[in-house]
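Visitor: I should like to take a close look at a single part of this model, namely the surroundings of the ligand. Please describe them, and then continue into the interior of the protein.

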Amino acid sequence: MNEHLRIDRLRWWHLPEVARMETAIFGPEAWSEGILWTELSAGNDYRAVFDDDTGRDDAAIAGYMGIALGDTEAWINNIAVDAAYRRRGIARMLMDDALARSRAAGAKAVYLEVAVDNVPAQRLYDAYGFYGIGVRKNYYQHTGTDAAVMRMDL
Ligand SMILES: CC(C)(COP(=O)(O)OP(=O)(O)OC[C@H]1O[C@@H](n2cnc3c(N)ncnc32)[C@H](O)[C@@H]1OP(=O)(O)O)[C@@H](O)C(=O)NCCC(=O)NCCS
């Protein structure tokens, strides 16, 4: 089912499509194309899962993920999968890849923030052994939802 999917670096020319996905997935909390540009310009490591079997000339982006790599830690800045591609292991592909690169870069721990009411994402992180280390109150501006800060030891 996933044989037409491949993971590759996300490039600046993908950002208009990613910005459209952001709006569809995150609504008012979506990152704009400008914020995404800043993420890439800052050297953050973004990868996407591409679907080469779309019947079009270009591949579709099924999901994407961005991490910020420090000396001994990595932060997951963003992970999202197009609604049409969910529950096919695409987030797992992205996580496995990101964790392997974090480990190879010498990171000892990985951190992330997740909305306290985001059950699918929390299940995903639980499955990888992330655990809660704190709460950021009213972290999401438009909804006022709190974020759980999670850590995983590599
Ligand atoms: C969270 C998200 C990235 C998961 O992507 P996905 O490709 O569907 O996830 P996978 O198919 O790789 O699932 C991996 C595991 O995550 C958990 N999971 C994923 N979606 C789930 C759901 N809807 N309900 C419960 N558990 C879920 C399961 O443990 C799953 O393993 P399983 O399928 O063997 O049970 C996707 O739902 C998404 O893009 N959501 C909107 C954006 C978002 O919330 N991003 C996270 C911000 S912190």
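Guide: In this predicted model, the shell around the ligand comprises, by class, twelve nonpolar, three polar and five charged residues. These 20 residues surround the ligand, and the closest of them are Arg86, Ala91, Pro120, Arg123 and Leu124. Three elements each supply at least two residues of the shell: strand S4 (73–81), helix H3 (90–104) and helix H4 (119–127). The largest share, six residues, comes from H4.

Two of these elements, S4 and H3, lead into the interior. The largest nonpolar core has 35 residues, and those with the most contacts inside it are Val49, Ile61, Ala62, Tyr64, Ile90 and Leu94. Two or more residues of this core come from each of helix H1 (15–26), strand S2 (45–51), strand S3 (60–69), S4, H3, strand S5 (109–115) and strand S7 (147–153). H3 gives the largest share of this core, six residues. In soluble globular proteins, nonpolar side chains tend to be buried together.

Leu94 links several of these places: leaving aside residues up to four places away in sequence, Leu94 touches Ile7, Arg47, Val49, Gly63, Met65 and Ile79.

Strand S2 deserves particular attention. Six of the seven residues of S2 are buried, so this strand is largely enclosed by the rest of the structure. Strand S1 (residues 5–9) runs antiparallel to S2 and is joined to S2 by five bridges; Arg6 has Phe50 of S2 as its bridge partner. S2 and S3 also run antiparallel, joined by seven bridges, and here Val49 stands opposite Gly63 in S3. Both Val49 and Gly63 are among the residues that Leu94 touches.

Note on methods
Residues numbered from 1 in each chain as written. Predicted model: local features only at pLDDT ≥ 70, side-chain atom pairs only at ≥ 80, totals over all residues. Near = placed C-beta within 6 Å. Helix = DSSP H or I, 4+ residues; strand = E, 2+ residues; numbered from the N terminus. Nonpolar A, V, L, I, M, F, W, Y, C, P; charged D, E, K, R; others polar. Core = buried A, V, L, I, M, F, W, Y, C linked by C-beta atoms within 7 Å. Buried ≥ 20, exposed ≤ 12 C-beta atoms within 10 Å, placed from the backbone. Contact = placed C-beta atoms within 7 Å. Pairing = 2+ DSSP bridges.
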